[in-house]
Amino acid sequence: MHKLGRHVPAIEEMVARTRLSHLIACSVDTSDRGLISLFVERWHREISSFHLPVGEVLITLDDIASLLHLLIIGDLHVFQPLHIDVAVLMLVELLMVSPEVAMAETGHCNGPYVRLSWLRDIYQRRC
């Protein structure tokens with residue numbers, strides 16, 4: 001907390017009462033994708049909070065914005081519908097499968113999708 005500027009004992013006392021004062025010394029690296037993924041997985045949109053396995057403490061989205069210095073404006077990501085032809089081209093380019101194999105898999109899945117087992121097979125063959 002001393003890094004944030006002026007020393008404010010009242011804030012330290014409030015944090016100490018929550019029994020989370022050891023977090024004052026923590027430094028959070030926002031480039032840690034695993035940490036951010038963990039927070040995303042534990043986010044409950046219905047009640048706008050995170051559920052963490054530390055008792056009854058709920059960390060709100062505003063708390064995370066303050067801790068991780070992330071802007072919370074708008075959607076994190078907006079998914080656009082993917083046309084099956086684009087999906088086939090991506091599979092050919094990125095997974096280096098033939099267009100026929102890519103078309104057969106997307107046809108089997110009835111859209112621009114593939115099965116996880118199919119991806120595993122491709123991966124195992126490449127390794």
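pLDDT is the predictor's confidence in each residue, on a scale from 0 to 100.

**Entry 1: confidence.** I am working from a predicted model, and I looked up the confidence before anything else. The protein chain has an average pLDDT of 77, and 72% of the residues reach a score of at least 70. Taking the elements of the chain one against another, I find the lowest mean pLDDT, 68, in strand S2 (residues 49–51), and the highest, 95, in H5. I keep in mind that predicted coordinates should not be read in detail where pLDDT is low.

**Entry 2: the chain as a whole.** I noted six helices and three strands in the protein chain, and along the sequence they follow the pattern α-α-β-β-β-α-α-α-α. The chain has 127 residues, of which 14% count as buried. When I took the contacts between residues at least 6 apart in sequence, 24% of them joined residues at least 24 apart. The exposed area comes to about 10600 Å², with carbon and sulfur atoms supplying 60% of it.

**Entry 3: the nonpolar core.** Which residues make up the largest nonpolar core? I found six residues in all, namely Val-88, Leu-91, Val-97, Ala-102, Trp-118 and Ile-122. Helix H4 (84–95) and H6 each give this core at least two residues. From the core I followed Ile-122, which, once residues up to four places away in sequence are set aside, touches Leu-95 and Val-97. For background I wrote down that nonpolar side chains tend to be buried together in soluble globular proteins.

**Entry 4: Thr-106 in H5.** I then turned to helix H5, where Thr-106 is found. Thr-106 has a relative accessible area of 1%, and it counts as buried because that value falls under the 20% limit. Leaving aside neighbours within four places in sequence, I listed Ile-84, Val-88, Leu-91, Gly-111 and Tyr-113 as the contacts of Thr-106. Two of these contacts, Val-88 and Leu-91, are also on the list of core residues.

**Entry 5: Glu-105 and its partner.** Glu-105 also belongs to helix H5, which covers residues 99–108. Is Glu-105 buried or exposed? Its relative accessible area is 3%, so I recorded Glu-105 as buried. With residues up to four places away in sequence not counted, Glu-105 touches Tyr-113, Val-114, Arg-115 and Trp-118. A search of the whole structure gave me one salt bridge. Glu-105 forms a salt bridge with Arg-115, and their closest N and O atoms are 2.6 Å apart. Glu-105 sits in helix H5 while Arg-115 sits in the loop between H5 and helix H6 (116–126), so the pair ties together parts that lie 10 residues apart in sequence. The two partners are not covered alike: Glu-105 is buried at 3%, whereas Arg-115, with 33% relative accessibility, counts as partly exposed. In general, side chains of opposite charge can pair when their charged atoms come close.

**Entry 6: positive phi angles.** I looked next at backbone angles, remembering that most residues other than glycine have a negative phi. Met-96 is not a glycine, yet its phi is positive, at about 55°. I place Met-96 in the loop between H4 and H5, and I recorded it as exposed, with a relative accessible area of 60%. Asn-110 likewise has a positive phi, near 60°, in a residue other than glycine. Asn-110 lies in the loop between H5 and H6, and its relative accessible area of 71% makes it exposed.

**Entry 7: Met-96 again, across the sequence.** Which residues does Met-96 contact once its neighbours within four places in sequence are left aside? I found Leu-91 and Arg-126. Met-96 and Arg-126 are 30 residues apart in sequence, while their C-alpha atoms are 9.7 Å apart in space.

**Entry 8: a nonpolar surface patch.** Finally I looked at the surface, where Leu-82, Val-86, Met-90 and Leu-94 form a nonpolar patch with about 340 Å² of accessible area together. From this patch I checked Leu-94, which lies in helix H4. Leu-94 has 57% relative accessibility and counts as exposed, because the limit for that class is over 50%. Helix H4 thus appears in my notes twice, since it holds Leu-94 of the patch and supplies at least two residues of the core.

Methods:
Residues numbered from 1 in each chain as written. Predicted model: local features only at pLDDT ≥ 70, side-chain atom pairs only at ≥ 80, totals over all residues. Heavy atoms only, no water. Helix = DSSP H or I, 4+ residues; strand = E, 2+ residues; numbered from the N terminus. Buried < 20%, exposed > 50% of the residue type's maximum accessible area, 1.4 Å probe, protein only. Contact = heavy atoms within 4.5 Å. Salt bridge = Lys/Arg side-chain N within 4 Å of Asp/Glu carboxyl O. Core = buried A, V, L, I, M, F, W, Y, C linked by side-chain atoms within 4.5 Å. Areas by Shrake-Rupley, 256 points an atom, 1.4 Å probe, with all protein chains shown as cover. Patch = residues over 30% accessible without salt bridge, like charges linked within 9 Å, V, L, I, M, F, W, Y side chains within 5 Å.
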